[in-house]
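I opened this entry to go through some strand pairings, one loop residue and the nonpolar cores. My notes follow the order in which I looked things up.

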Amino acid sequence: MPSTAEAGATGWWLPLLALATAAMLGGCAGRPWGTALDGERLDQTRVALSSLDRDHGRCGQSLDGDLALFYSDPLGKTALSGYLQFSQPDAYKFVVANPLGQTVLAIAGNRRDYQAVNVFERQYSEGSMRSFGLRHDLPKEILEGAWGEWLTGTSTRGADAISMIREDREGRGLWLSYDHRSPEPPGKTHLLWQPENGTVLMAVVDNGDGGTVAEIGYGQRLGEDFCHQPQEIRISGLDYGVDIRLQLSAIRFQNDRKEYRLPIPRGYQQLYMP
């Protein structure tokens, strides 16, 4: 069983930053894409897809802002708000403060490891994301996946990486499918792309067996000057009725990539997980 500090500091919202949950993610009942494009329309669409790469890099490699997390399942609801710093492709820091501005909870890390500070328990913990995923039965497709792309609602892979382009059954846009690249686990990601404005409405992540691991939907976005950064991200269609939402506000961008690590507070109990 995880410690109190790990449960409080990393129990459900750390996997959320990785777009995972404390329960195994389930599959979806049907596929939303239909006929594949071919011929001249396929060629024209591939040319238009250059906007995905261009928009992704234009606003810099790092962002920070206020983040509100909402988690619900049949047993109840949980909400948490704080300040997020994120740097491509997977570095993050999230701090929760009390009304006086004093830190009560903090966590930092990347897809490899994390550090957490629980002020209420006066405890510092750190460990590997691989072992964290094993302890909480989390799918590796999420823990080792493209966090930065999912958070920004875009793709950095370019048109050449797309293996198939298909119509959306509801006429919302086009589905772009590509294979995961090493060191990601085997699988595919499918993006619902709107050619009219060059934005992604949804991402569906499949595992190596073709089963759906997660569905990620994007709500309201910032304007073109902010690279259409999503302000709302929703992970739905999860097992056991789990539903998760992220709401971002007061977003700022920076050009440099960063790494984040928490210092060990003096006098705190230290817990090291494998």
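The notes below cover strands, then a loop residue, then the cores.

I am working from a predicted model.

Strands 3 and 4. I looked up how strand 3 (residues 76–87) meets strand 4 (residues 91–97), and found an antiparallel pair joined by five bridges. Three residues make the hairpin connection from strand 3 to strand 4. For Phe-86 I noted Tyr-92 as the bridge partner in strand 4.

Strands 4 and 5. I then followed strand 4 to strand 5 (residues 103–109); these two also run antiparallel, with six bridges between them. Leu-105 in strand 5 stands opposite Val-96. This pair is a hairpin as well, with five residues between the strands. In its turn I noted Gly-101, which has a positive phi of about 85°.

Gln-229. Is Gln-229 buried or exposed? I placed Gln-229 in the loop between strand 12 (212–218) and strand 13 (232–236). Its relative accessible area is 2%, so I entered Gln-229 as buried, the cut-off being under 20%. Leaving aside residues up to four places away in sequence, I listed what Gln-229 touches: Leu-63, Leu-151, Thr-152, Gln-220, Arg-221, Leu-222, Leu-248, Ile-251 and Phe-253.

Cores. Which residues touch the most other members of the largest nonpolar core? I found Phe-94, Trp-150, Ile-165 and Ile-216, in a core of 50 residues. I also recorded a second, separate core of eight residues, among them Ala-91, Val-117, Tyr-124 and Tyr-260. As background, I noted that nonpolar side chains tend to be buried together in soluble globular proteins.

Terms used. Residues are numbered from 1 along each chain as its sequence is written. This is a predicted model: local features need pLDDT of at least 70, side-chain atom pairs count only at pLDDT 80 or more; totals for chains, interfaces and linings use all residues. Side-chain values use heavy atoms; hydrogens and water are left out. Two strands pair if DSSP finds at least two bridges between them. Helices (H or I, at least four residues) and strands (E, at least two) are DSSP runs, numbered from the N terminus. Buried means under 20% relative accessible area, exposed over 50%, partly exposed in between (1.4 Å probe, protein chains only). Contact means heavy atoms within 4.5 Å. A nonpolar core is a set of buried Ala, Val, Leu, Ile, Met, Phe, Trp, Tyr and Cys residues joined through side-chain atoms within 4.5 Å.
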